Amino acid sequence: MKKLQAAHLRKPVTPDLLMTPSDQGDVDLDVDFAADRGNWTGKLDFLLSCIGYCVGLGNVWRFPYRAYTNGGGAFLVPYFLMLAICGIPLFFLELSLGQFSSLGPLAVWKISPLFKGAGAAMLLIVGLVAIYYNMIIAYVLFYLFASLTSDLPWEHCGNWWNTELCLEHRGSKDGNGALPLNLTCTVSPSEEYWSRYVLHIQGSQGIGSPGEIRWNLCLCLLLAWVIVFLCILKGVKSSGKVVYFTATFPYLILLMLLVRGVTLPGAWKGIQFYLTPQFHHLLSSKVWIEAALQIFYSLGVGFGGLLTFASYNTFHQNIYRDTFIVTLGNAITSILAGFAIFSVLGYMSQELGVPVDQVAKAGPGLAFVVYPQAMTMLPLSPFWSFLFFFMLLTLGLDSQFAFLETIVTAVTDEFPYYLRPKKVVFSGLICVAMYLMGLILTTDGGMYWLVLLDDYSASFGLMVVVITTCLAVTRVYGIQRFCRDIHMMLGFKPGLYFRACWLFLSPATLLALLVYSIVKYQPSEYGSYRFPPWAELLGILMGLLSCLMIPAGMLVAVLREEGSLWERLQQASRPAMDWGPSLEENRTGMYVATLAGSQSPKPLMVHMRKYGGITSFENTAIEVDREIAEEEESMM
């Protein structure tokens with residue numbers, strides 16, 4: 001009997017709470033949540049929401065262009081290396097923060113109240129991005145409705161908005177193929193349709209004189225906000241179901257466009273232009289910076305969307321697996337989108353008899369000028385045009401859902417007793433306010449304001465926020481504590497790869513990006529228009545405002561504490577009393593529950609943070625700190 005008891009004592013026993021979902025079997029998703037906050041109704045809701053959030057417009061109109069201008073196939077080397085150094089570790093860090101605490105971007109800073117300003121900066125950035133991002137969706141809706149016709153309106157010249165420079169860019173044929181066109185001093189019908197009809201930019205003298213509101217765009221913007229509001233009406237319960245369509249249907253359309261594209265004559269010419277490796281580009285620092293920027297922005301790290309989505313998970317959801325599924329899936333989607341885009345551009349260049357680089361563009365120029373023009377050269381052009389813009393619509397809506405859910409969740413988590421019962425009304429008010437703020441984007445000069453917002457709202461400010469978050473979690477809160485929290489959730493601690501990236505590689509890479517963006521700063525421009533100095537200053541202040549929220553939050557946190565300045569800094573940097581898992585059954589070890597109504601003893605971390613005198617828990621708290629310090633030393 002004694003031998004059996006000794007064997008039992010020696011055998012390691014893994015508590016149920018430390019088991020992964022695969023160890024525990026199917027987990028009842030309704031058990032692990034506070035009823036009033038809401039939660040995903042299934043594990044697939046979260047995964048599809050993350051995929052829809054990350055796979056957005058940038059995968060279609062930014063990655064292919066960045067790839068071919070930075071070495072073609074050789075660009076994939078720095079792209080996947082930066083994905084490993086920055087993308088995957090930061091993605092996993094943000095998901096872990098959200099899932100462990102079940103809190104939004106503001107309340108999650110109970111982990112270290114000194115840095116709560118980073119959460120406020122996140123909200124400012126995501127709010128500015130949401131305003132102009134929905135304007136892009138409004139443009140997509142405009143083109144979607146315009147495609148519901150037998151002849152596309154941007155197919156021919158001769159309309160009231162066309163000028164004498166308009167030339168239908170269709171190559172003529174001789175016995176040997178297409179005769180090259182002289183495209184200089186001419187404008188395609190699709191370009192004039194975009195600039196002179198959709199934007200009506202000729203009605204504006206610049207960013208300082210936006211002109212009149214374009215009521216057709218105003219109504220499209222209203223429709224975009226109505227769609228977004230209806231989809232987030234019940235929070236993640238409603239948006240989690242919508243993404244079953246909006247996150248998967250774009251892949252079907254992308255596959256159809258890819259198959260149609262590669263079967264066109266000249267398609268291989270575009271694909272070859274897209275992926276031909278030019279390895280000498282790898283010697284340029286610009287290529288590595290471009291790869292890091294593409295990873296950084298395409299995964300949506302730092303906007304708070306990932307943190308928000310993860311906060312609605314069960315406590316033991318396997319986000320480690322989900323991280324690799326989403327990040328690698330996002331990269332593969334970008335590459336496939338490049339094939340779909342450049343196969344059509346190759347066909348277009350052959351039809352016009354011009355090199356591919358003369359028709360290739362990035363951003364709105366690709367989505368609203370070049371690709372629509374290519375659609376006019378295909379049989380059943382309205383059908384393919386409708387599919388393309390419907391794909392852009394579904395890609396954009398997923399990201400917009402995340403932006404709005406981030407704002408609503410962050411504020412309601414701060415004031416749960418007042419706002420959570422009225423979440424629908426609050427969501428509606430946010431949508432109305434952002435619609436009104438976005439009306440300037442529907443004017444004749446609205447594109448100038450959109451470019452300004454796009455260039456500055458989420459530029460260097462977003463990098464500062466992510467660097468601050470990474471350092472606050474790993475250096476102030478402590479890498480070992482953070483790894484213990486993850487162990488409590490998933491049943492294992494992150495390996496050396498994640499710890500090395502969080503401590504050194506990711507912050508160093510982001511710091512290099514920040515320095516590069518400042519050193520290589522270029523004033524904003526749209527076509528031949530150069531922004532005036534006051535507009536540039538406004539943009540820079542827009543980016544600085546999000547950065548200034550971090551020291552402002554520190555000042556508020558320090559003023560709320562007592563004692564000398566150093567004591568206040570120490571107290572404000574330590575976790576709040578109620579930091580930890582949101583449900584009492586998940587609070588183990590140093591997180592033994594102190595939730596409202598709990599009869600359990602207060603957690604050790606409360607005494608570690610607040611009390612300097614002798615307590616019954618002090619020796620144990622010191623022992624916990626000693627263990628953490630020893631483990632940190634063993635890591636180095």
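Contact, as the word is used throughout this tour, means heavy atoms within 4.5 Å. The model is predicted, so local features are taken at pLDDT of at least 70 and side-chain atom pairs only at pLDDT 80 or more, while totals for chains, interfaces and linings use all residues. Residues are numbered from 1 along each chain as its sequence is written, and side-chain values use heavy atoms, with hydrogens and water left out.

**The whole chain**

Begin with the full protein chain in cartoon view, where the secondary structure comes to 26 helices and four strands; helices (H or I, at least four residues) and strands (E, at least two) are DSSP runs, numbered from the N terminus. Of the 636 residues, 58% count as buried, a term that stands for under 20% relative accessible area, with exposed over 50% and partly exposed in between (1.4 Å probe, protein chains only). Among contacts with a separation of 6 or more, 80% join residues 24 or more positions apart.

**The core and Y139**

Next, select Y139 and L392, which have the most contacts inside the largest nonpolar core, a set of 198 residues. Such a core consists of buried Ala, Val, Leu, Ile, Met, Phe, Trp, Tyr and Cys residues joined through side-chain atoms within 4.5 Å. Helix α7 (residues 116-146) gives this core its largest share, 23 residues. Around Y139, leaving out residues up to four places away in sequence, display W194, V198, L199, L217, F368, L441, M447 and L450, each of which Y139 touches.

**α7 against α9**

Keep α7 and add helix α9 (residues 215-231): the two pack at an angle of about 110 degrees, with their axes 8 Å apart. Axes here are lines fitted to C-alpha atoms, for helices over the stretch in contact, and angles run from 0 to 180 degrees between N-to-C directions. The pair is therefore roughly perpendicular, given that angles of 65 to 115 degrees fall in that class, under 35 counting as roughly parallel, over 145 as roughly antiparallel and the rest as oblique. Residues to show on the α7 side include N134, A138 and F142, and those on the α9 side include L217, L221 and W225. By class, this contact has 15 nonpolar, two polar and no charged residues; Ala, Val, Leu, Ile, Met, Phe, Trp, Tyr, Cys and Pro count as nonpolar, Asp, Glu, Lys and Arg as charged, and the others, Gly among them, as polar.

**α15 against α16**

Move on to helix α15 (residues 319-352) and helix α16 (residues 364-375), whose axes lie 9 Å apart at an angle of about 60 degrees, which makes α15 oblique to α16. From α15, select A340, I341, V344, L345, M348 and L352, which meet L366, V370, Y371, Q373, A374 and M375 of α16. This contact has 11 nonpolar, one polar and no charged residues.

**Two buried residues in helices**

Select G270 in helix α12 (residues 267-275), a buried residue at 0% relative accessibility. Not counting residues up to four places away in sequence, G270 touches F342, G346 and V356, and its C-alpha atom is separated by 8.4 Å from that of F339, 69 residues apart along the chain.

Then go to T409 in helix α17 (residues 381-414), which is also buried, with a relative accessible area of 0%. Its contacts, leaving aside neighbours within four places in sequence, are R37, G104, T308, Y312 and K423.

**A loop to finish**

Lastly, select S102 in the loop between α6 (76-101) and α7, where phi is near 55 degrees, a positive value in a residue other than glycine.
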